[in-house]
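Reader: I would like to learn how to read the sheets and helix contacts in a model. Where do we begin?

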Amino acid sequence: MLENILIVHESRLVREALAKILLSCGVSKTAIACIENAEDAIEYAQFAAISLLICADSLTSENSLNFRDELAKASNITQLPLMVLSHQIDDNHSEQAVTDNNTKCTLSNSICLSPPFKKQHVVSALFELTQDTLFANYINEDSSDNLSKPPVNAASELLEQKPTILVVDDESSNIDVAAGNLRNLYRVMAAKSGEHALKIVANNKHNIRLILLDIMMPTMDGYQVCKTLKEDDETANIPVIFLSAKALVEDIKYGFDIGAVDYITKPLNGDLLRARVATHIRLQQQKIALTAQVATLKENAKLREDIEKITHHDLKAPLNNILFETYRLTDKSAAKSINRAVHNVVNMVNNSLNVYKIEQGIYKLKPQSTNLNVLINDAMNAVSTLSNEKNIQFALSGFDTEHAIMAEPLLCLSIFNNLIKNAVEASPENQTIAIVIKRYKSYISFQLTNTGVIPKHMRQRLFEKYSSSNHNTGTGLGTYSAKLMTEVQHGQISFNIIDEQQTEFIVKLPAA
């Protein structure tokens, strides 16, 4: 019975197509291993009893029989059937034995195929070589499949796609136990010393996903190997599970302290080993997926910032044209009002990126002494068209005195714009909105009261992102951004419902 078929070929297409043929003949998927080069094949043979070798004729500088013999020696096998895939085209598609000088060598339990490698020829050669009944029923099957066709999904799910686990132990018997329990689920590699293990990992060809590491080894013990792995950024994230007969608490604790993710005591229990390995492989896959998601989020954030910068640049040009034209107006009062409004728009466009920076905790606050009265008047003027349409009046209190706050003008203007605009939109027609400014010892309070109340289901999450009581016109970012901008300036924002008839917003900002 063919329990472990090794396919060694530099072409992935060839490896997968050969695997497809084997699978179609009834060979178990777990019995097929696909490897790219001779060096990896030798390592694989050290812990796997190969029952059939299929390889290219160009893997080594020596002939394929010598390569087969080296694998057989590594696997402690006396007779290893060998199928060689030649790179030389034979129009007769004949199967001849491998030789050093083109002479027959059937006594060597080997056979050679020349391209094109049709399924019928491959299966016939496999039966002649192994006499396995699996291939007997497919010898005369009418099929034009050959190795130039794209591989099917089944063949793509072979050992090449399985996570690779490195078992490190100076005792071959321990490697055999671990590999025997894991081979059906994972691609297992082995190293008999710490130095060899580090060389395999540093080679970075095998995509090692987890390391089972013995502690008691000569020259370089498992603790030293683990420390070396964790000190290198390239290998620090590979999970390490210690395998050891040392079961003292201090030994186990020390293993975790230097970076191991788990600790399994010998003698190994197969069920426990498989369960622990499966858990950490799954965690590693989730970590890799999460890392990819974080990278994507960072890219999206950068893209968002770039798009906003481009948008800001494109908007500034027409706004600057408006500013230029205001100087031609004869009504200087109107020109001044338009000029200030356009400046505010330009500044608000610039300010939109600040919300993102505040969210990310990367905003650098630059407070200055700012006239609060002017900011509130500008915010009221910004909604004058809507307030006039609804015949809404503003009742102002505390404006007879100028109040200076220690804050950033643009952030504050955005806060008051949002709150006053929301109040005007929420108020019924012909109502009055009260705005009161009060100075306290260390802060100045802005109080805004309008008729109309926030719906009860919105109150608890009013300051959350995308929360809005008017989803037809709002984005749900107004009160959220107002909260962010207030708190980044060391202020406070809150609201009260008065007799279920009025809503009051209170903003407290540091006094200058």
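Author: We begin with a helix on strands. Helix H17 (residues 478-488) lies across S16 and S17. H17 runs at about 135° to S16. Keep in mind that this is a predicted model.

Reader: Which strands make up the sheet that holds S16 and S17, and in what order?

Author: To read a sheet, take the strand order and then the pairing. Here 5 strands form an open sheet, ordered S12-S14-S15-S17-S16. The pairing is mixed. Strand S12 (393-397) and strand S16 (492-498) are the edges, each pairing on one side only. From one strand to the next, the twist averages 15°.

Reader: How do S14 and S15 run, and how many bridges join them?

Author: Strand S14 (residues 432-439) and strand S15 (residues 443-451) run antiparallel, joined by 6 bridges. For a register mark, use Lys438, which stands opposite Ser445 in S15.

Reader: Which strands does helix H15 touch?

Author: Helix H15 (residues 409-426) packs on this sheet and touches S12, S14, S15, S16 and strand S17 (502-510). The direction of H15 makes about 20° with that of S15.

Reader: Now the other sheet. What are its order and its pairing?

Author: Read it in the same steps. This open sheet of 5 strands has the order S2-S1-S3-S4-S5, and its pairing is parallel. Its edge strands are strand S2 (32-35) and strand S5 (110-113), each with a partner on one side only. The twist averages 15° from one strand to the next.

Reader: How many bridges join S1 to S3?

Author: There are 4 bridges between strand S1 (residues 5-8) and strand S3 (residues 52-56), which run parallel. Val8 stands opposite Cys55 in S3.

Reader: Where does H4 lie on these strands?

Author: H4 lies across S3, strand S4 (82-85) and S5. Against S5, H4 runs at about 170°.

Reader: H4 also meets a helix. At what angle do H1 and H4 cross?

Author: For a helix pair, take the angle, the axis distance and the hand. The axes of helix H1 (residues 12-24) and helix H4 (residues 119-130) cross at roughly 65° and come within 11 Å. H1 and H4 are therefore roughly perpendicular to each other. The crossing of H1 past H4 is right-handed. From H1, the contact uses Leu18, Ile21, Leu22 and Ser24; from H4, Lys119, Val122, Val123 and Leu126. By class, that contact has 6 nonpolar, 1 polar and 1 charged residues.

Reader: How do H2 and H3 pack?

Author: Apply the steps again. Helix H2 (residues 38-45) and helix H3 (residues 64-74) pack at an angle of about 30°, their axes 8 Å apart. Angles under 35 degrees count as roughly parallel. H2 and H3 are therefore roughly parallel to each other. H2 passes H3 in a right-handed crossing. Ala38, Ala41, Ile42 and Ala45 of H2 meet Phe67, Glu70, Leu71 and Ala74 of H3. These residues divide into 7 nonpolar, no polar and 1 charged.

Reader: What is the average pLDDT of the protein chain?

Author: The chain averages a pLDDT of 82, and 83% of the residues score at least 70. Over residues 142-160 the pLDDT is below 50. That stretch still has 44 contacts in the model beyond near neighbours in sequence. Residues 469-475 also stay under 50, with 6 contacts beyond four places in sequence.

Reader: How should such stretches be read?

Author: Where pLDDT is low, the predicted coordinates should not be read in detail.

Key: Residues are numbered from 1 along each chain as its sequence is written. This is a predicted model: local features need pLDDT of at least 70, side-chain atom pairs count only at pLDDT 80 or more; totals for chains, interfaces and linings use all residues. Side-chain values use heavy atoms; hydrogens and water are left out. Axes are lines fitted to C-alpha atoms, for helices over the stretch in contact, and angles run from 0 to 180 degrees between N-to-C directions. Helices (H or I, at least four residues) and strands (E, at least two) are DSSP runs, numbered from the N terminus. Angles under 35 degrees count as roughly parallel, over 145 as roughly antiparallel, 65 to 115 as roughly perpendicular and the rest as oblique. A crossing is left-handed if the near helix is turned anticlockwise from the far one by less than a right angle, and right-handed if clockwise. Contact means heavy atoms within 4.5 Å. Ala, Val, Leu, Ile, Met, Phe, Trp, Tyr, Cys and Pro count as nonpolar, Asp, Glu, Lys and Arg as charged, and the others, Gly among them, as polar. Two strands pair if DSSP finds at least two bridges between them. pLDDT is the predictor's confidence in each residue, from 0 to 100.
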